[in-house]
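Hi there,

Here is the structure I promised to pass on to you. Have a look at it first, and then read on for what I found in it.

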Amino acid sequence: MLHGLWSPGSGLLLWTDTVVPEDLPDPLGSALRAARWRHRAEVLLAGERAKVQAHAMAPAAAAAALRQRLPAGQVAGDLRFLAHVAAGIERWARAGRVVPELRREDGQWWPRWRLLGGARQRAWLAELSVAMPPALRVAGRPAAVLDDLVAELTDPIVSELLDAPVPTHPLLAALLGDTDLEAGSHQLSEMLERWRASLTVDEPELVLRLLEPDGDEELPLWRLEVCLRTEGEAPVPIPLHGDPSLVHTAAEKLGEARRAYPRLRDLPSDGHTMDLLLPTAVVADLVEHGAHALRAAGVKLLLPRAWNITEPSLRLQVTSAVPAAESTVGMRGLVSYRWELALGDTVLTKAEMERLVRSKSDLVQLRGEWVQADHRVLAAAARYVAAHSDTSPITLADMLGELAGGQVAQVPVTEVSATGWAAEILERQHDPEPVAAPAGLRARLRPYQQRGLSWLATMNRMGCGAVLADDMGLGKTVQVLALLAHERETPAGQADPGPTLLVCPMSVVGNWQREAQRFTPGLRVLVHHGVGRRSGAELDAAVAAADLVITTYALLARDLEEFRRQAWERIVLDEAQHIKNANTRQARAARALPARHRLALTGTPVENRLEELRSILDFAQPRLLGTPQTFRARFAVPIERERDQNAISRLRFLTQPFVLRRVKTDPAVISDLPEKLEITVRANLTVEQAALYQAVVEDMLEKIKGAKGMARKGAVLGALTRLKQVCNHPAHFLGDGSAVLLRGNHRSGKLALVEDVLESVLADGEKALLFTQFREFGEIIAPYLTERFGTEIPFLHGGVVKRRRDSMVERFQSADGPPLMLLSLKAGGTGLNLTAANHVVHLDRWWNPAVENQATDRAYRIGQQRNVQVRKLVCVDTIEERIDEMINGKRHLAELAVGVGENWITELSTDELRELFTLGAEAVGE
């Protein structure tokens with residue numbers, strides 16, 4: 001009898017237990033007659049393994065031999081079984097249930113045919129596996145033998161059945177010609193596999209269902225139930241000895257799941273089902289990591305209903321001690337506090353925290369629910385709470401200091417609650433005890449301004465410093481004036497409060513003076529400014545007779561000793577970003593002045609770095625955020641570099657009681673402010689500008705060769721300034737007093753564009769503000785624009801004296817005033833009310849959006865009745881446009897609105913600088 005054996009890797013092995021039949025038809029007969037029987041095969045003889053001589057046939061020859069009619073009586077059952085498999089493959093192929101695939105072998109891509117797959121074909125394979133003769137099982141497990149047999153025979157059988165014309169597509173040509181595919185790739189292979197998978201969507205999907213362990217065993221085992229689910233049906237568990245086709249399908253898909261998530265390998269089962277038994281450590285990893293890998297492989301994981309994946313958090317409860325006297329209410333008042341540890345919304349008991357400390361698992365059962373969280377983080381948080389459980393009353397300031405210094409890695413502080421007077425400071429920022437608008441205030445406060453007055457009054461009563469950080473244009477001035485008027489409406493028998501010192505930029509001294517006269521005419525206002533300002537006893541008497549003393553930052557530092565003699569009720573810093581650098585003379589002078597209450601006003605509490613916020617708060621509420629060194633270590637570095645959510649939450653809780661921030665874009669704050677449209681307008685360089693630009697870049701690249709440290713930074717920043725000047729106008733860069741036009745033509749593409757914009761504005765009868773960071777550029781274009789449009793164009797810059805500034809603002813705001821106003825960004829960017837304009841043009845970009853926004857808010861503020869159009873000018877394919885794109889792509893964190901300065905540019909490599917600074921192809925206009 002002629003026998004057959006399929007050996008993975010060797011193909012079809014023919015052997016005989018007697019002699020070779022001589023009348024076998026071709027092609028099998030001719031193959032056997034020429035055979036030399038050189039192979040050795042392990043077979044079953046009389047139930048025992050034995051070695052016999054055999055003849056090997058490659059897959060193509062084996063396919064032809066197995067598909068021929070085999071004579072009865074001469075061929076054994078094992079060979080007939082192989083022929084039955086080949087006939088089945090032929091039926092699948094004739095039914096069109098085959099697809100091409102691409103495999104990488106011996107360094108080349110080989111296309112071949114394979115069965116489509118799916119539930120029906122898996123069922124067929126399952127039936128064959130059960131019916132496989134024992135003689136064929138010596139070559140390996142039935143499933144492995146069948147898989148290799150079908151894979152090797154499908155391609156030659158399909159190729160033999162195809163009768164197609166000569167193909168023109170390389171893939172079909174390689175398939176039919178049995179050649180490699182030169183254009184093969186992993187991408188093409190994966191695309192063919194995805195296409196094949198899309199054709200079998202009707203088959204059941206694998207679902208792994210995690211079941212909770214029974215009982216309270218110390219080392220519980222979780223059951224991972226292996227289920228199949230057809231569309232629209234519930235998942236069905238698969239018993240190990242059930243329907244062979246389903247078992248085969250589940251086994252195949254479970255193998256794919258194990259390849260996607262290897263920790264499912266080598267796990268015990270219960271012997272009756274395909275279910276896996278998982279220790280708790282594997283369960284925790286399965287949910288945290290394995291779920292993502294399984295989902296990517298198309299395997300669904302179902303968790304128990306009583307399951308919660310959560311992060312721990314800390315909560316702080318503060319209780320106000322009963323004050324012995326009114327003076328003990330506020331930052332010096334005594335409080336008791338208690339820390340709580342929570343998982344999600346569940347606050348843990350002491351016993352539960354002790355259990356967490358002892359636990360070594362990321363998965364614990366709490367109150368009937370399984371909770372997953374990092375046990376090391378939980379244990380650290382539990383130990384922290386335990387260490388701070390017994391605290392004696394301390395001052396509120398000291399408690400906040402502990403909050404600033406203490407931390408648990410990866411455990412944020414999510415809630416601070418308080419009782420008594422402490423709640424007024426810590427919780428009631430947005431809902432303070434209402435304060436009626438004072439009778440002496442000649443203004444109708446908007447609802448948010450009324451809340452601001454109530455908050456300021458509460459902070460004043462508690463003796464807490466405060467930062468009013470409302471957006472520019474929301475009326476910080478009137479809120480402060482309302483506070484001064486409110487505290488002077490004292491009950492009979494109580495003394496009036498002492499004077500308030502208000503420090504502001506020189507550009508807004510007149511604005512404060514006018515607003516005080518307009519809204520609170522009953523206040524006695526003293527302006528300490530100018531060459532003939534008071535000093536000595538004369539100043540002392542004038543201050544004692546005043547309610548509000550207004551001075552500038554420059555005079556604050558210069559006349560510090562004069563100011564230190566006074567008994568100030570309050571110090572107010574307007575545009576408090578002027579003390580963002582804690583080491584400047586004016587910042588040190590502000591901190592040195594004694595006063596019962598401190599108030600900072602700013603629309604931009606942070607412009608570039610978090611240290612600026614610390615500096616402002618160190619004036620308003622000293623020592624709240626610690627020294628610059630400790631603040632940098634605890635907050636600035638973790639937040640700015642690492643986006644540490646723990647540090648962000650602690651900083652938020654520390655600053656929130658003392659900072660009131662409202663923005664114009666919030667409809668709850670202000671609903672009747674018109675819209676603001678911001679657009680970037682691009683201009684081309686002229687040929688002259690392009691030549692100058694290229695010369696500056698080449699000069700910079702030459703200077704930074706080998707330069708390091710400050711020399712390199714200086715060269716880069718110097719080039720950046722010069723390139724901005726080139727983009728503005730050649731005369732600005734050259735500084736040679738040359739003409740704006742050359743033979744009637746514009747030398748600057750940007751100025752030509754500005755002229756077109758202003759023509760449109762004036763044609764519509766509207767007004768515009770033009771901002772530049774360069775006073776020299778303003779002095780160049782102001783005379784030109786005056787002549788060009790035949791109208792007065794005031795230029796407000798740092799060299800304009802106060803009286804003339806006030807006159808400029810008043811004239812521009814009047815109905816018959818000039819339609820255009822030119823301002824330097826620093827001198828005119830803050831404190832001014834210029835709502836007569838509804839167009840803002842930024843002639844050159846300041847790379848800090850917060851500073852630009854301040855300037856824009858001269859027009860976009862309360863009192864503006866028309867929509868505001870903001871144009872930001874940049875030159876095409878220059879440093880201006882590239883940095884504009886980079887800044888627009890950056891977003892800083894946690895509502896701190898950190899702006900972008902220029903120093904980061906100096907840290908770029910030489911190649912990056914060359915790419916950033918070099919002119920693009922479209923820079924020069926026609």
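Let me begin with a cysteine: Cys727 counts as buried, because its relative accessibility is 0%. Keep in mind as you read that this is a predicted model.

Cys227 has a relative accessible area of 0% as well, so Cys227 is also buried. How many disulfides does the structure hold? The count is 0. Cys727, for one, is in no disulfide, and the nearest cysteine sulfur belongs to Cys875, 4.1 Å away. A disulfide would need the two sulfur atoms within 2.5 Å.

Now for the protein as a whole. The chain has 926 residues, and 52% of them count as buried. Its secondary structure comprises 33 helices and 34 strands. If you take the contacts between residues at least 6 apart in sequence, 71% of them join residues at least 24 apart. The exposed surface comes to about 43100 Å², with carbon and sulfur atoms supplying 51% of it.

Next, the charged pairs. Side chains of opposite charge can pair when their charged atoms come close. How many salt bridges are there in this structure? The search gives 46, and a few of them are worth a visit.

One of them joins the side chains of Arg49 and Glu42, at 3.2 Å from N to O. Arg49 counts as exposed because its relative accessibility is 51%, where the cut-off for exposed is over 50%. Glu42 has a relative accessible area of 33%, so this residue is partly exposed.

Another salt bridge brings together Glu90 and Arg67, with 3.0 Å from N to O. This pair links distant parts of the chain: Glu90 sits in helix H3 (residues 77-94) and Arg67 in helix H2 (residues 59-67), 23 residues apart. Is Glu90 buried or exposed? Glu90 is buried, since its relative accessible area is 17%. Its partner Arg67, at 29%, counts as partly exposed.

The bridge between Arg518 and Glu515 stays within a single helix. Both residues belong to helix H16 (residues 509-519), 3 residues apart, which is about one turn of the helix. Their closest N and O atoms are 3.7 Å apart. Arg518 is exposed, with a relative accessible area of 54%, whereas Glu515 is buried at 16%. Elsewhere, salt bridges that share partners join Glu101, Arg103, Arg112, Arg114 and Glu152 into one network.

Another arginine to look up is Arg747. Where is Arg747 placed? You will find Arg747 in the loop between strand E29 (745-746) and helix H27 (749-763). With a relative accessible area of 8%, Arg747 is buried. Its side chain makes a polar contact with the side chain of Glu688 at 2.8 Å, and it also reaches the backbone oxygen of Ala739 at 2.6 Å. Leaving aside neighbours within four places in sequence, the residues in contact with Arg747 include Thr686, Gln689, His729, Pro730, Leu734 and Val740.

Finally, the aromatic rings. A search of the whole structure turns up 3 aromatic pairs. In one of them, the rings of Trp92 and Trp124 have their planes at 70 degrees and their centres 6.0 Å apart, so the pair is edge-to-face. Trp92 lies in helix H3 and Trp124 in helix H4 (residues 119-131), so this pair ties together parts that are 32 residues apart in sequence. Both of these tryptophans are buried. Helix H3 is therefore worth a second look, because it carries Trp92 as well as Glu90 from the salt bridge with Arg67.

What about the rings of Phe563 and Trp568, and why does the pair count as tilted? Their planes stand at 50 degrees, with the ring centres 6.3 Å apart, so the pair is tilted; planes over 60 degrees apart would have counted as edge-to-face. Phe563 and Trp568 are both buried.

Happy exploring, and best wishes!

Note on methods
Residues are numbered from 1 along each chain as its sequence is written. This is a predicted model: local features need pLDDT of at least 70, side-chain atom pairs count only at pLDDT 80 or more; totals for chains, interfaces and linings use all residues. Side-chain values use heavy atoms; hydrogens and water are left out. Helices (H or I, at least four residues) and strands (E, at least two) are DSSP runs, numbered from the N terminus. Buried means under 20% relative accessible area, exposed over 50%, partly exposed in between (1.4 Å probe, protein chains only). Contact means heavy atoms within 4.5 Å. Accessible areas come from the Shrake-Rupley method with a 1.4 Å probe; for residues, only the protein chains shown count as cover. A salt bridge is a side-chain nitrogen of Lys or Arg within 4 Å of a carboxyl oxygen of Asp or Glu. A polar contact is a pair of N or O atoms within 3.5 Å; within protein, one must be able to donate a hydrogen and the other to accept it, and residues adjacent in sequence count only if both atoms are side-chain atoms. Rings of Phe, Tyr and Trp (its six-membered ring) pair if their centres lie within 6.5 Å; planes under 30 degrees apart count as stacked, over 60 as edge-to-face and the rest as tilted.
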